[in-house]
Amino acid sequence: MQELIKNFGLDWKLFLAQAANFFILLVILRFTIYKPLLAFLAERKKKIEEGISKSEEADRRLHEIGDLKKNKIKEAEEEVVKIMRSAESRANEEAQKILDAAAQKEAGVMKTAMERIEAEKIVERKKLYTEAVTLVKKIIVKTVELDPQSIDDKLIEKVAKDQVPA
């Protein structure tokens, strides 16, 4: 082995000094660079894991919000349908009330009109009766003025025609 060390040109003192320098450098690098680098990597890993968990939480909440949105839209649509049905039934009720009121008013107007017609009929009948009485009186007076022996149907018709306005 000694010969091998000589062939390669290794000096044990130099090798020992280099090993000591390596361990000193290793200790220095470990405390100045390696530990802070490991702490930085651990913190970075922790932030990445938090980001992933927050992303999963956000996805879950987004999904819940989507479900909630669908439920609210469905409830709103049901409420709209309910309101429209209620409005339609109220409109039908109001239309029926208006039709009933119109029918009652029509019946009242018809009753009033019939009463007026009946009253006018009575007035017209009285006028007709009065005119008929007057006409009969005039016919009788005219026929009495004539010779009662010469009265026949043609004469009565002639006198009546003269008395009745055309």
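This is a short chat about charged residues in a predicted model.

Visitor: How many salt bridges does a search of the whole structure find?
Guide: Seven.

Visitor: Okay, which residue does glutamate 57 meet in a salt bridge?
Guide: Arginine 61. Their side chains come to 3.1 Å, N to O.

Visitor: How far apart are those two along helix α2?
Guide: Glutamate 57 and arginine 61 are four residues apart, so about one helical turn separates them.

Visitor: And what about arginine 60, which partner does its side chain meet?
Guide: Glutamate 64, in a salt bridge of 2.4 Å, N to O. These two are also four residues apart in helix α2, about one helical turn. Arginine 60 is partly exposed at 39% relative accessibility. Glutamate 64 is partly exposed too, at 40%.

Visitor: Further along, what does lysine 127 pair with?
Guide: Glutamate 124, with 3.9 Å from N to O. They sit three residues apart in helix α2, again about one helical turn. Lysine 127 has a relative accessible area of 46%, and glutamate 124 has 46% as well.

Visitor: Which residues do salt bridges with shared partners join into one network?
Guide: Glu57, Arg60, Arg61 and Glu64.

Visitor: New topic. Which residues gather in a patch of negative charge on the surface?
Guide: Glu75, Glu77, Glu78 and Glu79.

Visitor: Where is glutamate 75 found?
Guide: In helix α2, which covers residues 12-145.

Visitor: Why does glutamate 75 count as partly exposed?
Guide: Because its relative accessibility is 45%, and partly exposed lies between the 20% and 50% cut-offs.

Technical notes:
Residues numbered from 1 in each chain as written. Predicted model: local features only at pLDDT ≥ 70, side-chain atom pairs only at ≥ 80, totals over all residues. Heavy atoms only, no water. Patch = residues over 30% accessible without salt bridge, like charges linked within 9 Å, V, L, I, M, F, W, Y side chains within 5 Å. Areas by Shrake-Rupley, 256 points an atom, 1.4 Å probe, with all protein chains shown as cover. Salt bridge = Lys/Arg side-chain N within 4 Å of Asp/Glu carboxyl O. Lys, Arg positive; Asp, Glu negative; His and termini not counted. Charge placed at Lys NZ, Arg CZ, Asp CG, Glu CD. Buried < 20%, exposed > 50% of the residue type's maximum accessible area, 1.4 Å probe, protein only.
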